[in-house]
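Hi,

Here is the structure I promised to pass on. Have a look at it first, then read my notes underneath.

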Amino acid sequence: KPESIKLLEDMALAKLKNRYPNNPYLPKISYTDATTNGLTKCVIDYVQFNNYHAERVNSTGAIKDKRKTATDVLGNVRTIGSVQWIKSNTQTGTADISATIKGRSVKIEIKCEATGDRYQSEAQKVYQKQIEAAQGVYIIVRNFTQFYNWFNDFIK
């Protein structure tokens with residue numbers, strides 16, 4: 001494991017010990033940046049452990065299931081209806097994490113190198129230009145060590 005993730009795990013354990021000072025059986029905290037969800041959790045938790053704000057932005061839509069299952073008089077089970085995809089109302093290309101660090105708006109796009117997720121979509125490139133034009137900060141994070149180094153430089 002990278003040293004940065006070990007430090008994150010130590011911070012998480014310290015936070016648990018502070019929250020539950022009388023509990024001798026605290027669970028082992030484990031982080032990974034080998035998946036997109038794991039890397040996202042690492043970034044959000046590290047920002048929050050340093051007393052700044054970060055939240056995941058869900059830009060996927062939702063499924064509306066209109067199917068009904070019925071049994072006829074002969075005992076046959078039939079499913080009728082359809083499944084409908086409802087598009088999200090968030091802006092196309094929005095970053096995965098929205099954060100406020102030292103009073104600055106920071107948008108963080110997660111592109112996990114371990115999963116081969118390398119390239120921004122055209123909508124994400126347009127979104128990045130909009131954020132930067134508004135004097136916001138936009139970064140692409142490929143692993144936790146990269147983010148850890150960027151964050152510690154940014155807060156100085």
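Below are my notes on the core, one helix and two loop residues.

First, the ground rules. This is a predicted model, so local features need pLDDT of at least 70 and side-chain atom pairs count only at pLDDT 80 or more, while totals for chains, interfaces and linings use all residues. Residues are numbered from 1 along each chain as its sequence is written, and side-chain values use heavy atoms, with hydrogens and water left out.

The core: the largest nonpolar one has 27 residues. By that I mean a set of buried Ala, Val, Leu, Ile, Met, Phe, Trp, Tyr and Cys residues joined through side-chain atoms within 4.5 Å. Buried is under 20% relative accessible area, exposed is over 50%, and partly exposed is in between (1.4 Å probe, protein chains only). Val43, Ile108, Val141, Phe144 and Phe147 have the most contacts inside this core. At least two core residues each come from helix H1 (3–19), H2, strand E6 (97–101), strand E7 (104–110), E8 and helix H4 (144–154), and H2 gives the largest share, with 6 residues. Helices (H or I, at least four residues) and strands (E, at least two) are DSSP runs, numbered from the N terminus. Leaving aside neighbours within four places in sequence, Val43 is in contact (heavy atoms within 4.5 Å) with Ile97, Ile108, Ile110, Val141, Phe144 and Phe147.

Next, H3. Its 12 residues should span 16 Å at 1.5 Å a residue, and the end C-alpha atoms are 17 Å apart, which agrees; the expected span is 1.5 Å times one less than the number of residues. Which residues of H3 are buried? They are Gln124, Tyr127, Gln128 and Ile131. Down the helix axis, the buried residues of H3 fall within an arc of 105°, so they line one face; the arc is taken over the directions from the axis to the C-beta atoms. E7 and E8 are among what covers them, while the face turned away carries the exposed Glu122, Lys129 and Ala133.

Finally, the backbone. Most residues other than glycine have a negative phi. Gln135, just after H3, has a positive phi of about 70°, and Gln135 sits in the loop between H3 (122–133) and strand E8 (137–141). Asn51 also has a positive phi, about 65°, in the loop between helix H2 (36–49) and strand E1 (53–56). Gln135 counts as exposed because its relative accessibility is 62%; Asn51 does so at 70%.

Cheers
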